[in-house]
Amino acid sequence: AVGVIDKSIPPINPMDPPAAYMYVYNSIFFSYATETKEPPLEDGLGDQATYASANQDLLGVTHYSMTEVEGLHTLATAIIDYRGSRVVAQSIIPGILQGEQLNSLIHGSVDNGN
């Protein structure tokens, strides 16, 4: 996350707006927790909502993991706050970035659960 915030890791989508940049480093997917409202909310409320949304996403992943349902797997997920920025880090679904298989993603699996 430090490399993302310090801009030493290039984004995988450099043509998009900087707030939408996504990064991959050491098989970890990184993205900024950013406000999606246009125009942004006034008085800094957008930052609060964005941070709360990222927290709720992480809480949801945690609760799914705690159900201990056989065969249910979740992504390793972390939220990193560094130098005034919030970055979400997640493990990558194996095979998701391998071209042709990208279109075969079905409910979190590129190989139909095999």
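Start by selecting isoleucine 79 and valine 88: valine 88, in strand E4, is the bridge partner of isoleucine 79. Before moving on, here is some background for the tour. This is a predicted model, in which local features need pLDDT of at least 70, side-chain atom pairs count only at pLDDT 80 or more, and totals for chains, interfaces and linings use all residues. Residues are numbered from 1 along each chain as its sequence is written, and side-chain values use heavy atoms, with hydrogens and water left out.

**Stop 1: the whole chain**

Zoom out and show the protein chain as a cartoon. You should find two helices and four strands (DSSP runs numbered from the N terminus, with at least four residues of H or I for a helix and at least two of E for a strand). Follow the sequence and the pattern reads α-β-β-α-β-β.

Now colour by pLDDT, the predictor's confidence in each residue, from 0 to 100. The mean for the protein chain is 76, and 71% of its residues reach 70 or more. Which element has the highest mean pLDDT, and which the lowest? E1 has the highest, at 91, while helix H2 (residues 45-66) has the lowest, at 74.

**Stop 2: the sheet**

Select the four strands together. They form an open sheet in the order E1-E2-E4-E3, with antiparallel pairing (two strands pair if DSSP finds at least two bridges between them). At the edges are strand E1 (22-25) and strand E3 (77-82), each pairing on one side only. From one strand to the next, the twist averages 25° (the axes are lines fitted to C-alpha atoms, and angles run from 0 to 180 degrees between N-to-C directions). What holds paired strands together in general? Strands of a sheet pair through backbone hydrogen bonds, either parallel or antiparallel.

Walk across the sheet, beginning at E1. E1 and E2 pair in the antiparallel sense over four bridges. Select tyrosine 25 and you can look for its bridge partner in E2, isoleucine 28. These two strands form a hairpin with two residues between them, and asparagine 26 in the turn has a positive phi of about 50°.

Next, move from E2 to E4. Five bridges join this antiparallel pair, and phenylalanine 30 has alanine 89 in E4 as its bridge partner.

Finish the walk at E3, which runs antiparallel to strand E4 (residues 85-91) and is joined to E4 by six bridges. Your starting pair, isoleucine 79 and valine 88, belongs here. Tyrosine 82 stands opposite serine 85 in E4. E3 and E4 also form a hairpin with two residues between them; in the turn, arginine 83 has a positive phi of about 50°.

**Stop 3: two salt bridges**

Keep arginine 83 selected and show side chains. How many salt bridges does the model have? The count comes to two, where a salt bridge is a side-chain nitrogen of Lys or Arg within 4 Å of a carboxyl oxygen of Asp or Glu.

One of them joins arginine 83 to aspartate 6, with the closest N and O atoms 2.3 Å apart. This pair links distant parts of the chain: arginine 83 is in the loop between E3 and E4, and aspartate 6 is in the loop between helix H1 (2-5) and E1, 77 residues apart. Arginine 83 counts as exposed because its relative accessibility is 58%, while aspartate 6 is partly exposed at 36%. The cut-offs are under 20% relative accessible area for buried, over 50% for exposed, and partly exposed in between, using a 1.4 Å probe and protein chains only.

Now select arginine 86 and aspartate 81, whose closest N and O atoms are 2.7 Å apart in a salt bridge. Is arginine 86 buried or exposed? It counts as buried, because its relative accessibility is 9%. Aspartate 81 is partly exposed, at 47%.

**Stop 4: serine 31**

Select serine 31, in strand E2 (residues 28-32). Serine 31 is buried because its relative accessible area is 16%. Leaving out residues up to four places away in sequence, serine 31 touches Tyr21, Met22, Arg86, Val87 and Val88 (contact means heavy atoms within 4.5 Å). Two names should be familiar: Arg86 from the salt bridge and Val88 from your first selection.

**Stop 5: helix H2**

End at threonine 62, in helix H2. Threonine 62 is partly exposed, with a relative accessible area of 34%. Draw a distance from its C-alpha atom to that of threonine 77: they are separated by 8.8 Å, and the two residues are 15 residues apart along the chain.
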